[in-house]
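Biologist: Could you take me through one spot in this model at close range? I'd love to see how it connects to the rest of the fold, so please take your time.

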Amino acid sequence: MAEQKIKKETSTHFNYNRLWKLLIDRGIQKQELQKQSDVSAASIAKMGRGENVTTDVLLRICEALDCNVEDIMERVPNIAKEKNTES
C-alpha cells in the first residue's frame, strides 16, 4: 500500500510585489526580464499568480537584475479565509 503525502498548510507565503515594483522602477517589461534571465514565460506567470518557483529561477532573476533575493520577494502571512457562520 502506497503512503499518501499530506501537504501541510503554512501560515505564510512568498509575495513577488517587490520584483514587479523593481521592474517598473527600472522600466523593464516582463518579456524583457524573461529574455535577460533565461526564465520561462510559465515561471514569470507563476510568480504573477503568487505561486512557488524554483530557487534556480529566483537566482537567474537576481543575476539578471544584479540584486538580492530579498529585493524581489518577501514572506508574508496568509490571509485567513473568512467562514460564513450564519445559519
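Modeller: Happy to! Val 76 has a relative accessibility of 16% in this predicted model, and because the cut-off for a buried residue is under 20%, Val 76 counts as buried. Val 76 belongs to strand E2, which covers residues 74-77. If we set aside neighbours within four places in sequence, the contacts of Val 76 are Ser 11, Thr 12, His 13 and Asn 15. Phe 14 also deserves a look here: its C-alpha is 6.1 Å from that of Val 76, although 62 residues separate the two in sequence.

Now let's cross over to Asn 15, one of those contacts of Val 76. Asn 15 sits in strand E1, residues 12-15. With a relative accessible area of 17%, Asn 15 also falls under the 20% cut-off and is therefore buried. Beyond its neighbours within four places in sequence, Asn 15 touches Ile 72, Met 73 and Glu 74 as well as Val 76. The Asn 15 side chain also makes a link closer by in sequence, reaching the backbone nitrogen of Asn 17 at 2.7 Å.

It helps to place these strands in the whole chain. The protein chain has four helices and two strands, and along the sequence they read β-α-α-α-α-β. Among its contacts between residues at least 6 apart in sequence, 64% join residues at least 24 apart. Of the 87 residues in the chain, 26% are buried.

From Asn 15 we can follow Ile 72, one of its contacts, into the nonpolar core. The largest such core has 19 residues, and Ile 72 is among those that touch the most other members, together with Leu 19, Leu 33, Met 47, Ile 61 and Leu 65. Helices H1 (17-26), H3 (41-48) and H4 (55-65) each contribute at least two residues to this core, with H4 giving the most, namely five. Leu 65 shows nicely how these pieces meet: leaving out residues up to four places away in sequence, Leu 65 contacts Leu 19, Leu 22, Leu 23, Arg 26, Ile 28, Leu 33, Gln 36 and Ile 72.

Three of those names, Leu 19, Leu 22 and Leu 23, are also among the buried residues of H1, along with Trp 20. Looking down the axis of H1, the buried residues fall within an arc of 160°, so they line one face of the helix. That buried set packs against H2 (30-37), H3 and H4. On the face of H1 turned away from the buried side you will find Ile 24 and Asp 25, both exposed. Just past the end of H1, Gly 27 adopts a positive phi of about 70°.

Finally, have a look at how H3 and H4 meet. Their axes come within 11 Å and cross at roughly 95°. Angles of 65 to 115 degrees count as roughly perpendicular, and therefore so does this pair. At the meeting point, H3 brings Ser 43, Ile 44 and Met 47, while H4 brings Val 57, Leu 58 and Ile 61. Met 47 and Ile 61 are familiar by now: both are among the core residues that touch the most other members.

Terms used
Residues are numbered from 1 along each chain as its sequence is written. This is a predicted model: local features need pLDDT of at least 70, side-chain atom pairs count only at pLDDT 80 or more; totals for chains, interfaces and linings use all residues. Side-chain values use heavy atoms; hydrogens and water are left out. Buried means under 20% relative accessible area, exposed over 50%, partly exposed in between (1.4 Å probe, protein chains only). A polar contact is a pair of N or O atoms within 3.5 Å; within protein, one must be able to donate a hydrogen and the other to accept it, and residues adjacent in sequence count only if both atoms are side-chain atoms. Contact means heavy atoms within 4.5 Å. A nonpolar core is a set of buried Ala, Val, Leu, Ile, Met, Phe, Trp, Tyr and Cys residues joined through side-chain atoms within 4.5 Å. The arc is that of the directions from the helix axis to the C-beta atoms. Axes are lines fitted to C-alpha atoms, for helices over the stretch in contact, and angles run from 0 to 180 degrees between N-to-C directions. Angles under 35 degrees count as roughly parallel, over 145 as roughly antiparallel, 65 to 115 as roughly perpendicular and the rest as oblique.
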